[in-house]
Structures are given as structure tokens and as C-alpha cells.
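Here are a few short exercises to work through with the model open beside you. Try each task before reading its solution.

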Amino acid sequence: MLRKKTNGVAKGPRAGSLLSSLAAKTMDRRGFLAASGVTVGGLAALSLTSGRVEAATPSTGGGEVVRKKSVCTHCSVGCTVMAEIQNGTWIGQEPGWDSPFNLGAHCAKGASVRESAHGERRLKYPMKMVGGQWQKISWDEAINEIGDKMQQIREESGPDSVYWLGSAKFSNEQSYLFRKFAAYWGTNNVDHQARICHSTTVAGVANTWGYGAMTNSYNDIHNSQAIFLIGGNPAEAHPVSLLHLLKAKEENNAPLIVCDPRFTRTAAHADEYVRFRPGSDVALVWGLLWHIFENSWEDKEFIRTRVYGMDDIRQEVKKWNPEEVERVTGVPGAQLERVARTLANNRPGTVIWCMGGTQHTNGNNNTRAYCVLQLALGNMGVAGGGTNIFRGHDNVQGATDLGVLADTLPGYYGLAAGSWAHWARVWEEDLDWLKGRFAVWDKDGKSRAMMNEKGIPVSRWIDGVLEAKENLEQPDNTRAMVLWGHAPNSQTRMLEMKEAMEKLDLLVVVDPFPTVSAVLHDRKEGAYLLPATTQFETSGSVTASNRSLQWREKVVEPLFDSKVDHEIMKLFADKFGFTDRMFRNIAINGDEPSIEDITREFNRGMWTIGYTGQSPERLKKHMKYQHHFDKTTLRAVGGPCDGDYYGLPWPSWGTPEMNHPGTANLYDMSLPVSKGGLTFRARFGVERNGENLLADGVYSKNSEIKDGYPEFTMQMLMDLGWDGDLTAEERASIDAVAGPETNWKTDLSGGIQRVAIKHECAPFGNAKARAIVWNFPDPVPLHREPLYTSRRDLVEDYPTYEDKTFWRVPTLYESIQKKDFSKDFPIILTSGRLVEYEGGGDETRSNPWLAELQQDMFIEVNPRDANNMNIRDGKDVWVSGPEGARIKVKAMVTERVGEGVAFMPFHFGGHLEGKDLRDKYPKGSDPYVLGESTNTVQTYGYDSVTQMQETKCTLCSIMPA
Amino acid sequence: MALEGKARAKFLVDAERCIECNACVTACKNENEVPWGINRRRVVTIEDGKPGERSISVACMHCSDAPCMAVCPVDVFYQTEDGIVLHSKDLCIGCGYCFYACPFGAPQFPQAGNFGSRGKMDKCTFCAGGPEEDNSTAEFSKYGRNRIAEGKLPICAEMCSTKALLAGDGSEVADIYRQRVVNRGFGSGAWGWGTAYEKKGA
């Protein structure tokens, strides 16, 4: 018999018989099934056909069935979740056919999100560690005790000793509020998963052409003539994206090229699979470009008019002849010649990458090399082209945009004095009061306002605790750690993390699940678990990878004693006494701040990236009329959203009233800016070494300036004689900010943007993309050997960086690389995802429908290595890392990994060095499946620009257990 | 081909599209509240980790001349007019003959053991419930949802991430697949169709 979780109430109509219900629709059986089949057919072809038969009437018994529309909380594809609710219970999940993103489809995770509303293994009440045991306490006690301790730390060590680690699982509103909260607390020690996910993408890509995001969309891949995928496994990490990739593959005959050290499930569907050595991405891309330049396959006109610095790239690429490329990457020259020819002959092609490219000590070099490849091929700013960077978590794009980061306020404004002045204006806050919340630190006779200093990134929080105080560039160590929606096992060096967790004065976890943070350490006191809800228990906007915002409806009320994140933030603000200031423009209902008011507040400040046009009303309208949007262009055809792109992908310029449709494909000059066209951003000045950095004689459609131009300021409007187009209110608002100095980013009225776009100009200017980033450690992206490399012969030719201190912490490079670990640790270790689990896996391993499918942590080992090391398939092995940790996992002997390379998924947790920690979870809140974390043996290594962690290339040894 | 004026429910798995994401498996668990250990649908991968790797989603194919029906000693099976193979858990004695007869390994049992009953057999119903009244509590508790009675198709196919798994009237499903094969310029064969449907041509 089946077990039931729906109180025995069957959903749907209680038709007397199948025939009678069908007769009511004057349809015979044949007609019914045939009509249904047609719909599947329509979907198969991704067309707009919709002939599916729906039940006409809701259930007659057990209460009305209500449908709510939400968005899956796992990856960044943004699949619509259709929830059926009866009497407040989530009883069923139906396909969201109308969504242009998923057309009803889901992966294993999306198809099982209803379990969130069962939540058998959720964290149910606030808990406190007392004498090594978790004990239930009330919310009041929890907030009071935690708040008092934090105030004490603040008084003793300053606000920077409390670390606020936020989450990509927040909605946009919660993300924004969290960043604002950290500002009101007075620290930049705030960050989230983007640091360890795509920080090197954001930095690399934004510094190439202006914005650090996916340029096109999943849907736009329908237009691609070739798909070049490197360091990503979307068949497991973004399964529904394959719906779009396979359409291009089947209907355009677009070759799918997959470059990866591992023959992934995505590679299984590739036309060409390129296996290369982990950590040699730059060499591989330069190897491709070598053939492109050698054969003159580059787009010379595109480069002349829209790219700066390609000649410097040519110089570097010259060194990467096929022999050298094969020596470094292991890929034969003939294969790369074939790939280069394929890309040259099939334009426009798209380039897709994920963590395989980003999580390296030279990750920023990888991401820029991928961009340069697309610039050389002239594949940017065109439908079917672009760099389609698949973001990870459902809202990691939004949380990044809203600034849950140690180096910026919302909207990438940075931390400069002017940035704070801008946000203080938006918040209507006294700037001096804000300044007073932050520490001013005197060191070496210099006084530093910590307000303007980048904080410690999440990848390094443990060093904020463990590093000697005098080596840190902040007043004191990190003493309190708040992990608000973060899985600690997604981060490397877990033995040191355990030590750091134990050394803290205070450890606070805010999460729907206890997470590995509840069990990793051996604390006896000073630890709290606060139950937050999932996004199905609240509403708000979420930004998919393609920059579209979608609005989630609340599906069910918060379960157990959990609270929505924004309410918990408000409770802490109460405790710290700044609620009246922080929420002065945000209504509070009971203890819950109004989500719509928060959206409207960030709409008023996010001018840099055009998060200003997406009012709650417009977003809700898009969700309601999802079916009006074309499944390829994402553009609404008729209806109330006519001309809008689905979800108003940012930038949606100006105020909501300006009605900008959003920008589906970035930098596409074939459209006017008012219709979603764009140029490359003028972000890096207008001239360098006497060379023009602005676009050369090209401009977006209908632009009244027929050449490159810098970013718009009030002064520029005056010089152009366009300031007369401003309304009196706009002019007054501009005068109040900085008069003629006011620019498109700081003008709170949106007038400068409106007028620039009236003349079909991009508010941010029209410049060239830059192939070299002169302010980065490697202006031309260089191959650099990983810190832990088995190729000692390459270290001399391609050494890593010198050790340095940045982001407040000392960071090691050459002092690690110079030691040879390859004798004792001969196998290259890399990591990645499984389709059934997400992130650290606390949520998905607590979902029985998913957990059943992956019950054991494992390591993939090549048969040759396995036989040489006496390892047998399915048996336990010890995997040891060069920093002294070891884990016990099952061996999976497979050719999926090449010789000398091993792979482990990173979603497991709850075992540590062979020990099962299940007993340490609060009773009834332990995930169904536990296992060793690969990150226990993953090692030190951080990107030279963003402090991204290295997880894709280290060394290990494996032996039978 | 289906007979004129009559629908014939079929599944089709497009091995060129299946990416082994297991959405069909969890969608089925979710919709029918199938307990841990019972898998009405599962994804099978051949040549795992090697060039040529392909996956297929397997459940009861609702065969035209279903072997399970032929071997069942207590005659629990019946086939609907649409060709859906259903069974009565009330009558099932858990002997397991159907499991041995099935070419797709569809029948599932809650217990294993050489002595005594394996428990009532459970399998994919094409989301069409069982002999009880449509959408009754009794039907749901034994067989899961009856989506067909609600005018919907099986959830596994409806939620498939890449539309690799199709369900519906056989001739319509075949049309969709044919269209894909034309686009691709080649066909890999609709897995399992020969075994499930072609012998009797229904």
C-alpha cells in the first residue's frame, strides 16, 4: 500500500466515470488522448500550441483546489512551479506549461519541490547548544541572547568581528535587505555563495564589456549555430537548459562541443568531446585561437570597431602552438583545429561555462579567455551568440546584483564615498550616522575608514578567525559567524573550518535545515540554529541566470516555528535599535516587512544595471501572462505586456513608468536601446595610451550619436543640448544630487536615462570591449599551473602568483606551489555536481524522493588507476589530501574520468574522516542521506582577483579502506 | 497503428534526448506518493561514462499483449479501452510471476523473500489509478493519482526535462518522434516499442 501525506483527500474532479467527464467536454476518448498528444507534440517542437485538456471543475469534496505559481528554488534556469493547494496543504504539482523557460519541464529536483511543504527533516524550532546538546528555545530568547553577545563583541572588537554571511537562496528583496542590514550594523564582512560560484565570471566579464552576467538567455540558444561548452555539466546542474540546447542541436544541426576533464552526462550528448587536463583552460582557449588567427578566421571588422587590445592577445596566443597546447592540456592539435574550424564555420555560436572554469586560482583569466574567444569570432551582441554563463543557485544572480558581497553595495556601486552617498540618498539616511556605525581603524599611523574597505570574502572567513590578528587588515579577528542560508561543506579546508567554528565566540545558523554547521564542530556552548522558511513560504522576486526577474507567490504558510528571512532581519534590527531608520520607507505588517515596498525601494536606487523598471506590478503581470511571451525571443506578442521581454531582463532602464521592455541579449546593436538594444559599456575611460577606447563608428540602431560616446552625465546632456528634454521634477532631482556632475547612475529621477534613451543612446556609453584588463594581475589572461600540480615540469614555465595580502587576509600562492606533493599525492582531484542534489545538499538529502536516488558518497576513478592502486568498484576507499585530511568513500571505477584524474560530488556532508555525525543533529532533523564531504580533502587556493576558491584541481591519493 | 476512432495510450523514450535527470522518477514519487524502495519508473543508463552513453526511462509500457496478464494466476490485470494495463491490489497474492514475465522489469514489490508473500504488486498505472471509483480516496491510497480521469497525461512525461519521455495516444506520440527524426536526419529507434507494441499492432 502507498503511504499518503495528503490526508486521504484525492485532488481533482470526482467524475462519475471517465466517459462522463469526457462527454461533458463533447470529446470522445480518442479525441481526448489525441488532443493531449498534440500538446506534447507542440512542446516537443517548443511551439506555442496549447490544446491540452484541463479538468473543468475543481474538486467537489475536501475544499477548493487553488493554484499558486512559484519558481523552483534550486538552479538558475527559473522553472515555474505550479502548486495545487487545498485547505492550506500543498497537495500536488502540475507542469508550468506557460513558462517560456521550462515549458512544463522539471529535473529531479524541480519535480520534487512539494516535499518542502512536508519538511519532515526541517529544523523546526530555534535551538541552542547547551552542554553539547541542542535544546529548544523561543525566538525571543534566541534573538536576545544572540543580540546581546553580538553587542558585546561589537564593543570589544568592533563591528567587523561579526560576519554576516548571506545567501543565494534569498529573494531579491531579502538579498537587498540583508546587504542594507549589514550596512546598518556597520561592516562589509558580508558575502554569499557567488564568491565561490561565479565571482571570477562577474569580475572577468564585467571588466571585459561592462556587465558581469550571462549575456543572452537559455531560450536564445535556439538561435545558436554552434554550442561551445567548457567546464560545465548542465545535464546535471541545469537539466532543463538541455531542452533549449537540444533544440539547437536537432533543429539547427548546431554542433555541441563539450570540453571537460570528465566525460559528463552532457558530454554524452556532444558531437565533439574534448578531454583536457584540469586547470588548463587558458591554454586550451589560446590553442583554439592559435588556429583561428593562423587561418584568419577572426572577425576583423568586429574587432576593429568594437574590441580594444586584441593585438596583445595575438602576441600571447602565438606561443600556444599545437605542440605546446598538447604538452599543457593533453589535447591533440588536430582536434583543436577541427573545433576551431567548426566554430569558425558555424556562426553565431554560443559559449557556455560554469564552475569548471571559474573555481581556479586563475579563474578570472579563464573567464576572460572565453570572452576573448567570442570577441575574436565576432559572436557578441548577436542572437545565438554571447557568453551564456549558467549561474548556479536560483537567485545567485539576484543576490549578486543586490550586493550581498564584501566589495560592493547593491547594484555594483562599490564602496567608495560616492557609493555610500548614493545609497544614503536612496535610504533617506543620515550619511554621518551610517559612517558612525563603522569602525575607523588606525594602523601604522594611517587611519582607515572600514566602510570603504572590502570585507573578508566568504571563501576566507575561516582565516578571519584563525589567522593571527596582526596579519589581518581589520581591527580584530572574526568572533561571531552568522551562516544565513549557507552550506559550509560547499567550501574547502573543512578541518580548518571545524577549528574555526570551535574558536568563535558565537556561531549562528539561520536556515530551513540544521546544515553541516550544526554538526561539524565540537562546541558545547555558544551556538544557535534559527529556522528560516523556504521561498515557497513567502513571496518576492527572483532573478534567473538570463537576468529575468520572476515573481513568486506564497504557496503555503511558514511551517513549524520557522520565520521568513526578512522577518528575522527585522527582529535583529529591533534588537539593535535601528528598525525605524532601516524601514523608514518600508511598511511592516506585524513583524514582517512588506516585500513590495522593498522591491520599490531598490527600484529607486539600482540605476547602474537597470533594476529600476521592474516594479512588483510589472513583474506580477508578466507571471500572469506568461503564455504571451515568445519561447525563443522572450518577447510578448500583444496583450498587456506587448513588446516586453519576459521578466524584464536587466537592464530595464529608467522608472517603471518609462516602460522599458528589458534587454534580452546584451550589447545587441541591431535593436534600438528603447527596444532592448545595447552597446558595450564605456566603463574604462575614453582613451588609453593614445588609443581610443570608444566604439569606432558603430552604434546601436537609430542612435542619434553616430559613433562611440562616453557614459551620460548631466553635463553631457547640456553639451548635446538635450537637457531641455528633462522635466522640471527631473531637473530639480538632478540638481539636488550633484548638478552637472550627476550621472546616469546617481540621478534618482531617471531623467538622464530617459533622455539618453529618447535619443536612442545607451545611458552607459558606447565603447569597445577590452580584451586586456590592465588593472588585473594578468592583463592578458595567462595559463598558470595550479598550486597543487602534478606537472612539476610546467611550474617553471607557468608559475603561479606571488603571495600577497588582499581582501584583509594574507593569501598564499608560490609558497604552496614550490613544494612538490605529487609523489605522495599522484592523482588530480576535481569535484562537481549530481542532478539529484543541490549545493551542500542539506535540503535535497532531506528530501526522500531525491535521497533515495543517491545514497552513497563516491569517488570516480579510472580503471587503470584503480587497478594500479588495488581499488575495486563499489568498495570503500580512503581519499587523502595533501593538507592532511582523509575521507572514506565508495569507489566508482569508470572511464568517465581520465587516467590520473579522480572526481567527487560536493553535495554530501555529515561524515567526517570516517566518522558518522548523525547523532549530533537535532533530533528528527538529520538528512536521510549523509556522507563525507569532498571539501574535507579539498585544499587551499584562491583566485588572484576575487578570492574564488580552487575546487577543480588539487591532488590526492586513494587507497583501499 | 491505432484503430480508427480509438486511442491507444503509449510511452515513448527518446534515447537521444534523455539526460538521466530523473525528473520522471521523482515526479512519479511526488504525484503518487510512492514510498521509499518502490520505483514505478527508473532511468537506466547503458555504456555509463563512455562514448555512446545513452539513458532510457523505464516503467510499465502498457504492452498490447501484456505478458503479465497472461501469467497472473489470479487474474488481477485488466486493460482499459485506451490500452492501459491496470491491476487490482485487492486480488494480488504477491506471487511475483508478473515480475518474471515482464520484459521491462516493471512490477515492484514492497518486500523481498523466498517464503511468504512479497506484498501487493505495485507498478506504473499510466497515472490512471485502479479499479476503484475515479479519484476516490481508496483509489489514491492504493494506486496514486488518476490524472487520466482529470484529463491530464502521466506526470512523468509531462515534466520530462527534455521532452525525451512522451506519453499519450500512440499515433500522436509517433508523429512527434517522427518529426524529431526528420529534424535530426537520423533515428535511434524508439526504445522498447518493438517489444511492447509491435507484435500485435494495436
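**Exercise 1.** In this predicted model, find how many bridges join strand 28 of chain A to strand 32 of chain A, and place the pair in its sheet.

*Solution.* Start with strand 28 (residues 827-832) of chain A and strand 32 (residues 901-905) of chain A: they run parallel and are joined by five bridges. For one facing pair, look at Ile828(A), which stands opposite Val901(A) in strand 32 of chain A. Now widen the view: six strands of chain A close into a barrel in the order 28-32-29-31-30-36, with mixed pairing. On average, neighbouring strands of this sheet are turned by 45° against each other, direction ignored.

**Exercise 2.** Decide whether helix 8 of chain A is roughly parallel or antiparallel to helix 11 of chain A, then list the contact residues.

*Solution.* First take the geometry: helix 8 (residues 281-294) and helix 11 (residues 322-329) of chain A pack at about 160°, their axes 9 Å apart. An angle over 145 degrees counts as roughly antiparallel, so helix 8 of chain A is roughly antiparallel to helix 11 of chain A. Next, the residues: helix 8 of chain A brings Ala283(A), Leu284(A) and Gly287(A), while helix 11 of chain A brings Pro322(A), Val325(A), Val328(A) and Thr329(A). Sorted by class, this contact has five nonpolar, two polar and no charged residues.

**Exercise 3.** Describe how domain 2 of chain A meets domain 5 of chain A.

*Solution.* Begin with the bounds: the domain assignment gives 127-197 + 396-603 for domain 2 and 792-960 for domain 5 of chain A. Their C-alpha centres lie 28 Å apart. Then count: 36 residues of domain 2 of chain A contact 33 residues of domain 5 of chain A. Finally, the domain 2 side has 19 nonpolar, ten polar and seven charged residues.

How values were computed. Residues numbered from 1 in each chain as written. Chains lettered and ligands numbered in written order. Predicted model: local features only at pLDDT ≥ 70, side-chain atom pairs only at ≥ 80, totals over all residues. Axes fitted to C-alpha atoms, helices over the stretch in contact; angles between N-to-C directions. Helix = DSSP H or I, 4+ residues; strand = E, 2+ residues; numbered from the N terminus. Parallel < 35°, antiparallel > 145°, perpendicular 65-115°, else oblique. Contact = placed C-beta atoms within 7 Å. Nonpolar A, V, L, I, M, F, W, Y, C, P; charged D, E, K, R; others polar. Pairing = 2+ DSSP bridges. Domains from an automatic or database assignment.
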